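Biologist: I should like to learn how to read salt bridges and burial in a protein model. May we work through one case together?

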Amino acid sequence: MSKRFLIIGANSDVAQACIPLFEARNITVILGSHKPYELPETKHEIVEMDVTKPSEAIATMDQLDFDGVLYTAGTLPDNETALYETEAENTISVNYTGAVRILGAIAKKFKAQKSGTIVGVSSVGAVRGKTSNIVYGSAKSGFDNFLSGLRQYLYSDGVRVLTIRPGFIRTKMTSGMDLPNRLTASPEQVAEVIVKNALSGNRNIIYVKPIWRPISWILKNIPESIFKRKTL
């Protein structure tokens, strides 16, 4: 079991909810943040880590001692802003390319030491491209597939790769959205699932709200000729 977790994207509500759960299990936590000055006061080590500058983030990581990583960095822009303006670049960088570069470097480290745990917070939006979040969904889809490939690549080396698909979460990122209660989790619910499964078990892809599993299956299997006529 990993004893020292690096949390990348420590400003997120989910990351903040994970911290006390790791503490309760005597897990040392290192907080990686692109805005460390905005983090609540903490006893944990904090390092500046901007995933849109992966080379710098990797150089920082090389100075740290950890055997588990939780990637919670993410951004959910307005759909049309991302589609028609430059916000697309930041969305893809945070949700996909930054994650690939950074977790790729960590994979090399864990593969060499024949141990480690990688946890990535993906999205139900990764299952299929939809009108409501075209750029975000495509970036998360890339991230989700990256985690799948990484899981296969590292399996024989004893490294666990866990994919978390939360569904809707009530966070500052979704503030103002009209979210259905039955399909929406709190940061604390997501954190419970993350920490429990990061530290034990052998599951691969986890839906925080189990109802999302059949919904995702249906979304994935609707014929394109029908799906393109829907507004989701």
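Modeller: Let us begin with a definition. A salt bridge is a side-chain nitrogen of Lys or Arg within 4 Å of a carboxyl oxygen of Asp or Glu. Please keep in mind that this model is predicted.

Biologist: How many salt bridges does a search of the whole structure find?

Modeller: The search finds five salt bridges. One of them joins Arg 128 and Glu 224, with the closest N and O atoms 2.4 Å apart. Arg 128 belongs to the loop between strand E5 (116-121) and H5, while Glu 224 is in helix H8 (residues 224-227); the two are 96 residues apart, and the pair thus links distant parts of the chain.

Biologist: Is Arg 128 buried or exposed?

Modeller: A residue is called buried under 20% relative accessible area and exposed over 50%. Because its relative accessibility is 15%, Arg 128 counts as buried.

Biologist: Which residues are joined into one network by salt bridges that share partners?

Modeller: Lys 111, Lys 114 and Asp 157 form that network. Within it, the side chains of Asp 157 and Lys 111 meet at 2.6 Å, N to O. Asp 157 is found in the loop between helix H5 (134-154) and strand E6 (159-165), and Lys 111 in helix H4, 46 residues apart. Asp 157 has a relative accessible area of 6% and is therefore buried, whereas Lys 111, at 25%, counts as partly exposed.

Biologist: Which parts does the salt bridge between Asp 65 and Arg 4 tie together?

Modeller: The side chains of Asp 65 and Arg 4 meet at 3.7 Å, N to O. Asp 65 lies in the loop between helix H2 (54-61) and strand E4 (68-71) and Arg 4 in strand E1 (residues 4-8), so this salt bridge ties together parts that are 61 residues apart in sequence. Asp 65 counts as exposed because its relative accessibility is 52%. Arg 4 has a relative accessible area of 25% and is partly exposed.

Biologist: May we now turn to a residue considered for its contacts? Which residues does Thr 91 touch, not counting those up to four places away in sequence?

Modeller: Thr 91 has its place in helix H4 (residues 87-113). Leaving aside residues up to four places away in sequence, Thr 91 touches Thr 75, Pro 77, Ala 82, Tyr 96, Val 135, Tyr 136 and Ala 139.

Biologist: Why does Thr 91 count as buried?

Modeller: Thr 91 counts as buried because its relative accessibility is 0%.

How values were computed. Residues are numbered from 1 along each chain as its sequence is written. This is a predicted model: local features need pLDDT of at least 70, side-chain atom pairs count only at pLDDT 80 or more; totals for chains, interfaces and linings use all residues. Side-chain values use heavy atoms; hydrogens and water are left out. Helices (H or I, at least four residues) and strands (E, at least two) are DSSP runs, numbered from the N terminus. Buried means under 20% relative accessible area, exposed over 50%, partly exposed in between (1.4 Å probe, protein chains only). Contact means heavy atoms within 4.5 Å.
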